Structures are given as C-alpha cells and as structure tokens.
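Subject: Handover of a structure

Hello,

I am passing this structure on to you, as you will be working with it from here. The sequence and the model come first, and my notes come after them.

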Amino acid sequence: MKKFYALMLPLLGLMVACEDDEAPVAMDPDPTPVEYTSGSADFSNYVAVGNSLTAGFSDNALFESGQAASFPNMLATQFALAGGGSFNIPFMADDLGGATLGGNPILGNRLILLFTPDGPAPTPKSGTGTTEISTKLSGSFNNMGVPGSKSYELLAPGYGSVTGVALGTANPYFARFSSAEDATVIGDAAAQNPSFFTLWTGANDILLYATNGGSGTDQTGNFNPATYERNDITDPNVFAGSLDAILQAMTAGNADGVIANIPDVKDIPFFTTVPFAPLDPTNPDFGPQIPVLNAQFAGLNLVFQALGVPERQFVFSESAASAVIIKDEDLTDLSAQITGALVMNGVDAGTAGVTGLLYGQARQANADDLLVLTSSSEIATLNEEAFAMLTGLGVDPATAGQLSVNGITYPLEDQWVLTPEEQTAIETAQTAYNATIAALATQYDLGLVDMNAKLDELRETGFPQTDGSVVTNVFATGGGFSLDGVHPAPRGYAIVANAFLEVINAKFGSNLPPVEPLNFTGLYID
C-alpha cells in the first residue's frame, strides 16, 4: 500500500547487531564432573503438550530449526543427563515453514529481517515450502505442541483430520501426525504412557482475541465452545473443565509433570512496539499537512465540545509526535448528533452525514491504548474499503482519498488497537485461567511454572547473560522474541526452559543444569 504520511515507529528504524549464534560459554574452572539425578521424577518417557509455544513456533511459522530449538527439546536434552529417553519431534519438511494441502499453499513462510531502503522490515522468506499436510508422519511423537490450539481443542475428536483441514474444522499441524482422522491431541499424548509431561495451554484462549485487537467476542457465560469464533475469549469455566480433563488423561498412568500459567499479553512486543503516537511532525510527508488537518477538524472539534466530549477532539502537534485516530466501539455513537449539529451550523447535509458516519465513535489514541504490531503496515495508508464506501456514497474520489487515510483521517479500525475495555476483558480471563491452573496444579500434585512472572521480569529488567549482554523483550533486537512479536526467539525459549527446570528441580529433587541461552540465537539472520 502507498504510505500517505510517514510514521515515527521504532519498528521501521531497527538497528540489528550481528552476533555469533554459537557464542562461547565461560568454562567452569573446576572440571570435577557432576552426577545428575532425576530425584523422584522419571524422565524416561517425556511428553510435552501445548500449543505453538510448546511446538517451537517462531518468526510466525513452524520450521525445522525452530522445532529443534523448542523448550521441550531443550528440556529433553537436560533430562538425558538423568535417565531421559529419546524425544521425537514431528518436524516440518524444511526451514521455510510454509505448507501445502493437495499442492495448494495454506501456511506461509517464516519471517526474516529484510533490509529495505526504508529500513529493516520483517518479511516472509521467499521460496516454496515442501511440507505437504496430507503426507502423514508415522509413529508417535514426544512433542505434542500444536500451533493455534485452544485448550478445549486439545480434546476435540477430528482435530487432526486431513479432510477437516480442507473444511476448516481441523488443525493442519496436528493433521500431519495425528494417529487417526478422529484422534485427539490428548488421546495421542496419553497413549504414549508418559512417565513425565509438561503442559502449557490456554494462551490462545485469549491471545487470538488480543492479537486481533479485541475484534472477537468475550464468551464468558457461554459454555458451548462449538459456537465460538476463532478470535473469541474462552469462557473460564470451559477452560477449567478442559484443563481438568487434560490433566486427568495425562496423569492416568501416574506420570509426574509441570504446568505453566499464562503470561500477560502486555509483556510481549506485539503490544509494546508501535507507540500510540507514531506520527512524526518532522517528516516532510506529514509535517506540512498538520495545519491543513487541524483546520479540517476544527469544526468537528467545536461539535465535540458542544456535545460535552472534548476528550474526543482531534489535534495534531507541529512539535511532537501525534497520536493516531482510532475507532473505539465502547464509546457512545454520536453519529446522529454530529450530523445534526453540523447541519445546524450550515454544513451541507451530505458532508455532515459523512462526518458523522466517520467520527461518531472516534477519538485519538492515548497511552492506555495498545496498538498491535501489525498496525504499523496499516497506519498512514489508504483504506481501500473506506475509499470504496465513500465513493459509493457519492463522495468525489479526491475527497474520498483524503478521508480514507488510516489513523489520520479515517479512524484506525478495532482490529488494530486494544482499548482499555478490551484489555480488561483479557486480564479478567487471564486471572481466572491462572487461578484454575494454580488450583489444578495443587490438586494433581504438579510443579507450577509462573511464566506470567517470568515474562514480566523479561520486560521489566531483562535477563543478564554471562557475556555481559541482557536478553529483553525489545522487538527484534532484545533476543527474547522472534520477528512475529508473540513467540520467543530460540534464546527466549532457553529462558523458558530454565524456568521449567527451576521448578522441576525444586519439585522433584533433581539437580539438572540450566540451559545456556547464549548457545541459541536471539535472531535468525539470513
């Protein structure tokens, strides 16, 4: 899309430091060998259950190198020091991550950092993926992480059906390695009779709502997940029932295990990278337009004042970064009042009607709003649907174009912003889910990994490394997260693995060593 105005976005000006993916680790001056023990745990048959975070999803895709750098594979490597057995992974066919169904692409390639004239930009890697979903993998697999899965879907028959993938009712990642068309993820996991397991699920029950700007529905009070859409928040009781059923199955053979809780979405770069005020007044594409924009909105601002909502006024600064204009569906719709007031002030009915239509639920963003990472490619571009809508209403193309610039003259739509009300819905669900996880960890005598606190620590202080560097949650350069802004980079997954190991050692009396994060890359450089 053509950019109409320049943005002040950290994302567009990244400076990436090259690093040695196999950085040297300080040697222990005491070479005395350590005898590692499993304590009361039995690591001989370890099975990991969960979603993309368990599978090793990174850079918006699942691919071989990412799967090898999954935290369960790191754990299995440490478990091998104390009686752990083999750890089988349902590897994708290549390092691209893309996949086809019947030869037709259905999954995109992983992101890489492409250096463009406008600066570094996350871009899908070129090439055609060789993973064909209908080519079933044989055998059983210890990593049962299924990207995209929600808690209740781990229990759903047919979730790994190849036929169901084409119908949109099944998961393409699980379809590759499910034991049968009607198999469940948990059924296949429990059938392996694990001696030890990890479980990390529930993030997608709120994350998909969050990453889509709260454009789904909070289904609290609706106990029938069959009626949910993908971007909805799962009812806490549905989550609790699903988690209990999962744990019943996984502990039926007296397996020990650990379970992790759900982090706060505000701790991931997907919500911390794009500022609410990204419009740069010093840029020649935007700065000269500021007086014109302020004059254009002056009459509307008077209406906002007269209606008793001065906080909804649109003002662009000539000396500081300006906030984008957003649509806030929780605001009272003042479309009719705006239209009526403008007509009373002599504005023609057509213009007044369009103004009311566009700005009836609009305001400028503020520090309490979270713009999603993907909004950076939409802000200041022409909204083609808005343009078509306005021209369809009889607005001349030149004026329609001026009124269709995302975040500047056309309110940024709900999918690109998490408002405070939407954040509250997420936090309420997360609190309920984590209370359930803690209670069931006690009931089933499992170790509890507080990933919520761990990711908060990553954001607040970062994790110092032995070479003097610090792993943080800063997008692309912090080493903690991959280019999708949601999933960890391999180095971040090492920190996750160490959080699990700390709990495992404390709970079961083992003495497994931590993973060395510096042995894993903080960013794939292609």
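The notes below go through the sheets, one helix, the cavities and the salt bridges.

Please keep in mind that this is a predicted model.

Sheets

There is an open sheet of five strands, in the order 7-1-8-9-14, and its pairing is parallel. Strand 7 (143–145) and strand 14 are the edge strands, each pairing on one side only. On average, neighbouring strands in this sheet are turned by 15 degrees against each other, direction ignored. Within the sheet, three bridges hold strand 9 and strand 14 together in the parallel sense. If you want a residue pair to look at there, A260 has V449 in strand 14 as its bridge partner. Helix 16 lies across strand 8 (196–200), strand 9 and strand 14, and runs at about 135 degrees to strand 9.

Another open sheet has three strands in the order 3-2-6, with mixed pairing. Strand 3 (104–107) and strand 6 (131–132) are at its edges with a single partner strand each, so one side of each has no neighbour in the sheet. Strand 2 (residues 99–101) runs antiparallel to strand 3, and three bridges join the two. In that pairing, A99 is opposite L107 in strand 3. As background, the strands of a sheet pair through backbone hydrogen bonds, which may be parallel or antiparallel.

Helix 7

Is helix 7 enclosed by the rest of the structure or not, and why? Helix 7 (residues 204–211) is largely enclosed, because eight of its eight residues are buried. The buried residues are N204, D205, I206, L207, L208, Y209, A210 and T211. They pack against helix 8 (236–250), strand 13 (417–418) and helix 14 (420–443). Just after helix 7 comes G213, which takes a positive phi of about 65 degrees.

Cavities

Helix 7 comes up again here. The count is three cavities of 30 Å³ or more. The largest cavity holds about 180 Å³ of space. Its lining is made up of 18 residues, and L53, L207, P263, I268 and V486 are the ones nearest its centre. Helix 1 (52–55) and helix 7 are the elements that give two or more residues to this lining. Helix 7 gives the most, with three residues.

Salt bridges

The count of salt bridges comes to eight. I describe some of them here, with the parts of the chain that they join.

K266 and E427 meet through their side chains in a salt bridge, at 2.6 Å from N to O. K266 sits in the loop between strand 9 (256–260) and helix 9 (290–306) and E427 sits in helix 14, so this pair ties together parts that are 161 residues apart in sequence. K266 has a relative accessibility of 21% and therefore counts as partly exposed. E427 is also partly exposed, with a relative accessible area of 29%. The pair belongs to a network of salt bridges that links D264, K266 and E427.

D445 and K507 form a salt bridge too, again at 2.6 Å from N to O. D445 is in the loop between helix 14 and strand 14 (447–449) and K507 is in helix 16 (residues 490–508), so the link is between distant parts of the chain, 62 residues apart. At 48% relative accessibility, D445 counts as partly exposed. K507 is partly exposed as well, with a relative accessible area of 35%.

Helix 16 takes part in a further salt bridge, between K454 and E502, where the closest N and O atoms are 3.9 Å apart. K454 lies in helix 15 (residues 451–460) and E502 in helix 16, so the pair ties together parts that are 48 residues apart in sequence. Is K454 buried or exposed? At 15% relative accessibility, K454 counts as buried.

To find your way around, you could begin with helix 7, which is largely enclosed by the rest of the structure, and go on from there to the largest cavity, to whose lining helix 7 gives three residues.

Regards

Technical notes. Residues are numbered from 1 along each chain as its sequence is written. This is a predicted model: local features need pLDDT of at least 70, side-chain atom pairs count only at pLDDT 80 or more; totals for chains, interfaces and linings use all residues. Side-chain values use heavy atoms; hydrogens and water are left out. Buried means under 20% relative accessible area, exposed over 50%, partly exposed in between (1.4 Å probe, protein chains only). Helices (H or I, at least four residues) and strands (E, at least two) are DSSP runs, numbered from the N terminus. Contact means heavy atoms within 4.5 Å. A salt bridge is a side-chain nitrogen of Lys or Arg within 4 Å of a carboxyl oxygen of Asp or Glu. Two strands pair if DSSP finds at least two bridges between them. Axes are lines fitted to C-alpha atoms, for helices over the stretch in contact, and angles run from 0 to 180 degrees between N-to-C directions. On a 1 Å grid over the protein atoms alone, a cavity is a set of points where a 1.4 Å probe fits but cannot get out, and a pocket is an open set with protein on both sides within 12 Å along at least five of seven lines; lining residues have an atom within 4 Å of a point. Grid points are joined across faces, edges and corners, and a volume is the space filled by probe spheres set on the points.
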